[in-house]
Amino acid sequence: MEDEIVIASSPTDAGISCFDLHSGAEHLRYRNCASPPHSLISVGGRYLAASQVRDAAANSGSVFYWSWNKPQVEVKCFPSEPINTLVCDDDGSFIIGGGVSGDIYIWQVATGRLLKKWHAHYRAVSCLVYVDQSTLISGAEDGCVRVWSLLMIFDNIRRNEAKHLFEYSFSEHSLRVTDIVIGNGGCNAIIISASEDRTCKVWSLSKGKLLRNIVFPSIIDAIALDPGEHVFYAGGRDGKIYIAALHAQPTSTSNYGPHIIGTLSDHSKAVTCLAFAVNGHLLVSGSEDGMIRVWDTRSRNIIRILKHAKGPVNNLLVIRRPPSLYPRTSMHSQSLSVRRQGALVPPPLEKYTNSTDDNSDVKAVIIPRVDSEIPFYASYISTCTMTNQIKELEQQGSSGAMEMEIERLKLDYKRSTQMLQQWKKMYENLNQFCVNELLDGDQSRGPAT
């Protein structure tokens, strides 16, 4: 069983709740947080960050950092405008924010430096999805979903030559985009977007076109994709969580509409956020009723109910428990104390870019890991960063180049292994589907005469 925690925040100043997923025990409550949707993140598993929009009319906003083992805010950042939504890369080297003006910002975490800013949408950015080192997806109040090449964003020559910065711009939604999720498969993945127009749309990332449009009885504010990618779950403002099929043919017998095959229903108010546990069958939902429910998607039953401090829940994270939240024992207290010394929160995020450095090369600064015993979601050093470091070391005649090359090869091997496992699972699913189709066909034809 994975050792996971559930982290929840509210748009009111109710702080951040932190629960054990499997026991329901509350670990710690972090103070002074009033966050908009999609703005609570775990930065590389090292600390929490959340955007604060307390007075949007005054055009003021902030981003706060918390250490895992301290309830009070440790760092306050004041960007040039309110930040609606935050994401970060897997290793926590960069934070990306979407502003109320429609601009997108990229900061380097270790230095706080604002690396890039560009005008992405005509209205406020409402959600962001970091895909990989080269791709970012954004949704906005203008109804657009846009796919960005980060390689293009950081290439000043290509930016000046291009007619537009985005790779794709999907404008089929007629109202505000409320959530976006992406499946597995890298550049061949599917994208699912939800909107206040009561639809969820499925897109092809590789082809840049609409694959399916599903209409719901209620506005959908949150979506979660089943790890097997057979169905996705859509949280509605009517308190229901709708289950929509991705590959099945539309059915006219559904009470809710084509492609909708069922519901999870227990919240008394709008469902605002959804997240899957690592095992892939526990679904966690947050609601305006202030409750967090843990569902077993196989039985469609509730297995646990958690109560947020006060006010509605609008952000949820389900992550592996960081070492700072493990109980202190005589065996581990000294080692945890040593590791916590490397878990210092970073400096504040810069308000403006340094124009003199705008054309300079961007190099990531890697923060030391504080969690050497618990597996991490991704490797700490990016391939691109390591390649640049290898070249520099080789030019300097350093013997460290060989070690860096070994680390790069290890990372490539790890990623290839992960992709192989994904393809293996897809093959097994396809094989089972074909076998079932053949068996069904034989049964329908009956015995040979």
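**Close-up views of a predicted model**

**View 1. Ring pairs link Trp-118, Trp-148 and Phe-166 into a cluster.** The model shown here and in the following views is predicted. The search that covered the whole structure found ten aromatic pairs. Two of these pairs, described in Views 2 and 3, illustrate how the angle between ring planes decides the name given to a pair.

**View 2. Phe-64 and Trp-66 form an edge-to-face pair.** The centres of the two rings are 6.0 Å apart. Their planes meet at 65°, and planes over 60 degrees apart count as edge-to-face, so the pair receives that name. Are these two residues buried or exposed? Phe-64 is buried, with a relative accessible area of 5%. Trp-66 is likewise buried, and its relative accessible area is 0%.

**View 3. Tyr-168 and Phe-170 form a stacked pair.** Here the ring centres lie 6.0 Å apart, while the planes are at 10°. Because planes under 30 degrees apart count as stacked, this pair is classed in that way. Tyr-168 is partly exposed, with a relative accessible area of 25%, whereas Phe-170 is buried, with a value of 3%.

**View 4. Four strands form an open sheet in the order 8-9-10-11.** The pairing within this sheet is antiparallel. Which strands lie at the edges? They are strand 8 (83-88) and strand 11 (114-119), each of which pairs on one side only. On average, neighbouring strands of the sheet are turned by 15° against each other, direction ignored. Strand 9 (residues 94-99) and strand 10 (residues 103-108) run antiparallel and are joined by five bridges. Ile-95 has Trp-107 in strand 10 as its bridge partner.

**View 5. His-281 lies in a loop between two strands.** The loop is located between strand 24 (271-276) and strand 25 (282-287). What does the side chain of His-281 join through a polar contact? The partner is the side chain of Arg-298, and the contact has a length of 3.1 Å. Leaving aside residues up to four places away in sequence, His-281 touches Phe-276, Trp-295, Asp-296, Thr-297 and Arg-298.

**View 6. The protein as a whole contains five helices and 28 strands.** Of its 449 residues, 50% are buried. Among contacts with a separation of 6 or more, 48% are between residues 24 or more positions apart. The protein exposes about 21400 Å², of which carbon and sulfur atoms supply 52%.

Notes:
Residues numbered from 1 in each chain as written. Predicted model: local features only at pLDDT ≥ 70, side-chain atom pairs only at ≥ 80, totals over all residues. Heavy atoms only, no water. Polar contact = N/O pair within 3.5 Å; in protein donor to acceptor, adjacent residues only side chain to side chain. Contact = heavy atoms within 4.5 Å. Pairing = 2+ DSSP bridges. Axes fitted to C-alpha atoms, helices over the stretch in contact; angles between N-to-C directions. Buried < 20%, exposed > 50% of the residue type's maximum accessible area, 1.4 Å probe, protein only. Areas by Shrake-Rupley, 256 points an atom, 1.4 Å probe, with all protein chains shown as cover. Phe/Tyr/Trp six-rings, centres within 6.5 Å; stacked < 30°, edge-to-face > 60°.
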